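Me: Could you take a close look at one part of this model for me? I'd like to start with the sheet and then see what sits around it.

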Amino acid sequence: MSQKTFKYTNGEVTVLWKPEVCIHSAVCIKGLPGVFNVQRKPWIDMSLSDTKGIVEQVRKCPSGALSYVMNEQPNNEGPQATTEKIIAGQANIIEIQVSENGPYLIKTECLIQHSDGREEKKSGTVALCRCGSSQNKPYCDGSHKKTGFEG
């Protein structure tokens, strides 16, 4: 399944949005309503906050629909280098949060290895389905709300 990805940049950081992954929790809109506003097209306006604020807000996205890439990577230590460190076992602790009646949340960069052999590098927060009803497995699509999942 190919997914659309939209890119928004302010020169320092590029925010990536995958609408098919979004669970519409509105965390982005509540946290930075100037930058994220669905009443406007495009709905993301990177000029309305500084890079630090945008990055902090994108990292709070519970589904991973929003992610970011720093446009300049000092010392070639970009996302690839970070992922390689995690794979090599140099990252000691990976935090996984269990949401009440919702998904597992991974709040660090990670590598998702799919059963068909594909690999995806994710940064920011990634929400993994815990209820089994998601149509976008292994990712949460908010189906737990419709099914009344408790766990």
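In what order do the 3 strands of the open sheet come, and is the pairing parallel or antiparallel?

Reply: The order is β1-β2-β3, and the pairing is antiparallel. Pairing here takes at least two DSSP bridges between two strands; strands are DSSP E runs of at least two residues, helices H or I runs of at least four, numbered from the N terminus. At the edges are β1 (6–9) and β3, each paired on one side only. Between β2 and β3 there are 5 antiparallel bridges, and L16 sits opposite S67 in β3.

This is a predicted model, with local features needing pLDDT of at least 70 and side-chain atom pairs pLDDT 80 or more, while totals for chains, interfaces and linings use all residues. Numbering starts from 1 along each chain as written, and side-chain values use heavy atoms, without hydrogens or water.

Now for helix α2 (residues 51–58): 6 of its 8 residues are buried (under 20% relative accessible area, 1.4 Å probe, protein chains only), so α2 is largely enclosed by the rest of the structure. Those residues, including I54 and V58, pack against β2 (13–17), α1 (27–31) and β3 (66–70), with contact meaning heavy atoms within 4.5 Å.

β2 also carries W17, which pairs edge-to-face with W43 at 5.0 Å centre to centre and 65° between planes. Ring centres (six-membered ring for Trp) must lie within 6.5 Å; planes under 30 degrees apart are stacked, over 60 edge-to-face, the rest tilted. W43 sits in the loop between α1 and α2, so the pair ties together parts 26 residues apart in sequence. F36 and W43 make a tilted pair, 5.6 Å and 50°. Ring pairs link F6, W17, F36 and W43 into a cluster.

Key: Buried means under 20% relative accessible area, exposed over 50%, partly exposed in between (1.4 Å probe, protein chains only).
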